[in-house]
Amino acid sequence: MGNSTAATGASDPAAVPATGTAPRSAGPAKKARQAAKGTSSTGSRASGSGHAERVFLVQTAFAELGGSAHGPGEIAEFTGLDDSVVYRILQSGIYQRIFERVDRGLYRLCTSAAQLAFTALDHRLDGAASQTVLSELRTATDDGLAFLYMVAPFSGAQRQCVDMAVGDSDLAELGMTPRDVLSVTRSLRTGASGRTILAYLPEVLQQRVLAEPVPDQAGPGVYRDNEALVESLAEVRDLGHALGYEECMAGWNSCAAPIMWDGSIMGAVLLLKLKSVMPVAPDGVIEATKEAAAELSRHGAARPSADQA
């Protein structure tokens, strides 16, 4: 799997937080965001709608800022909201189990936020659908090995294999050991599927992955230079796929394409073949892999039919 060719509303009246620290005055960047967000051709929003939008802004800030915890001032600067508004939203969110205080002046999303995400993903994709798509990809690529990788929910910015279509192949006989699956192929900086997922993640998560070491068991084609790796991610986004050349394991080349649900990267379809059989991925392999990923993207983004509503 180797080297790639490949918001808001008007601010509430200022209030002094319980700590006794007065809110900071807005800086130039923050004022500019507030001015832009406060401009509306449809007139002012109702206060309830404006408050809800501010709550969503604060929640989104935790995801986009990265890191484990943030203070009201940092969130206010990022969102363009007043410190006092952010503080009150955080305090209310603690009682609603959306946020939790981890230290004096520092907050993070509560685990109930993860429960909401799992609920949102429920029934998006079943095993029968993914197995059908992967089996069709295997047939379309003359018995290539087809894998479905998804973003791992409990291990940070990593991936895990959740389904595969390999026929009667014994992965151990093909040189794929459990260590390969649990170490090399888990990293997003190695392999066509890893870099495909990495290409569409927020920059803060990309930087976390770039700071990780290259897995010791990685193949000879792995990207060891971060600048070259970043360039490959831009190419993945431009082409809509990644090609890998002995990146995770010696002797194996690959092609991968992204699975997107509601505009967010959820995983990647990977097609793997021996280097001796596929020294370079032909157009037919690339298109078949991209179509498989597009089909799984359609499954994930599917809405209830009229009789289910």
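Is D262 buried, partly exposed or exposed? D262 is partly exposed, with a relative accessible area of 46%. The residue sits in the loop that links β6 and β7. Its phi is positive, about 50°, although D262 is not a glycine. The model is predicted. This report starts from the sheet around that loop and then turns to the helices and the cores.

**The sheet**

The sheet is open and has 5 strands. Their order is β4-β3-β7-β6-β5, and the pairing is antiparallel. The edges are β4 (159-165) and β5 (242-245), each of which pairs on one side only. On average, neighbouring strands are turned by 25° against each other, direction ignored.

Strand β6 pairs with β5 through 4 bridges, and the two run antiparallel. Within this pair, Y245 stands opposite N253 of β6. L243 has C255 in β6 as its bridge partner. On the β7 side, β6 pairs in the antiparallel sense over 10 bridges. There C255 stands opposite L271 in β7.

How many residues of β6 are buried? The count is 9 of the 10, so β6 is largely enclosed by the rest of the structure.

Two hairpins involve this strand. The hairpin of β5 and β6 has 6 residues between the strands. E246 lies in that turn and has a positive phi of about 50°. The hairpin of β6 and β7 has 2 residues between the strands, and here D262 takes the positive phi near 50°.

R97 is another residue with a positive phi, near 60°, and it is not a glycine. R97 belongs to the loop between α4 (83-95) and β1 (99-103). At 48% relative accessibility, R97 counts as partly exposed.

**Accessibility of selected residues**

| Residue | Place | Relative accessible area | Class |
|---|---|---|---|
| T196 | helix α8 | 0% | buried |
| L171 | loop between β4 and α7 | 19% | buried |
| D262 | loop between β6 and β7 | 46% | partly exposed |
| R97 | loop between α4 and β1 | 48% | partly exposed |

Why does L171 count as buried? Its relative accessible area is 19%, and buried means under 20%. L171 lies in the loop between β4 and α7 (178-182). Its C-alpha is 9.8 Å from that of L145, and the two residues are 26 apart in sequence.

**Helix α8 on the sheet and against α10**

Helix α8 packs on the sheet and touches β3, β4, β5, β6 and β7. The direction of α8 makes about 160° with that of β7.

Helix α8 (residues 192-199) also packs against helix α10 (residues 226-239). The angle is about 80° and the axes are 9 Å apart. That makes α8 roughly perpendicular to α10. On the α8 side, the contact uses R195, T196, L198 and A199. On the α10 side, it uses L229, S232, L233, V236 and R237. By class, the contact has 5 nonpolar, 2 polar and 2 charged residues.

T196 deserves a look of its own. This residue of α8 is buried, with a relative accessible area of 0%. Which residues does T196 contact beyond its neighbours within four places in sequence? They are V236, A242, A256, A257, P258, I265 and A268. V236 is one of the α10 residues in the helix contact described above. The C-alpha atoms of T196 and A234 are separated by 10.0 Å, with their positions 38 residues apart along the chain counted as sequence separation.

**The nonpolar cores**

In soluble globular proteins, nonpolar side chains tend to be buried together. Here the largest nonpolar core has 24 residues. Inside this core, F147 and L188 have the most contacts. Which elements each supply at least two residues of the core? They are β3 (145-151), α8, α10, β6 (252-261) and β7 (264-274).

A second, separate core has 23 residues. Its members include A146, A257, I259 and I286. A257 is also among the contacts of T196.

**Overview**

Strand β6 ties several of these points together. It pairs with β5 over 4 bridges and with β7 over 10 bridges. Helix α8 touches β6 as part of its packing on the sheet. Strand β6 also supplies at least two residues of the largest core.

Technical notes. Residues are numbered from 1 along each chain as its sequence is written. This is a predicted model: local features need pLDDT of at least 70, side-chain atom pairs count only at pLDDT 80 or more; totals for chains, interfaces and linings use all residues. Side-chain values use heavy atoms; hydrogens and water are left out. Axes are lines fitted to C-alpha atoms, for helices over the stretch in contact, and angles run from 0 to 180 degrees between N-to-C directions. Angles under 35 degrees count as roughly parallel, over 145 as roughly antiparallel, 65 to 115 as roughly perpendicular and the rest as oblique. Contact means heavy atoms within 4.5 Å. Ala, Val, Leu, Ile, Met, Phe, Trp, Tyr, Cys and Pro count as nonpolar, Asp, Glu, Lys and Arg as charged, and the others, Gly among them, as polar. A nonpolar core is a set of buried Ala, Val, Leu, Ile, Met, Phe, Trp, Tyr and Cys residues joined through side-chain atoms within 4.5 Å. Buried means under 20% relative accessible area, exposed over 50%, partly exposed in between (1.4 Å probe, protein chains only). Two strands pair if DSSP finds at least two bridges between them.
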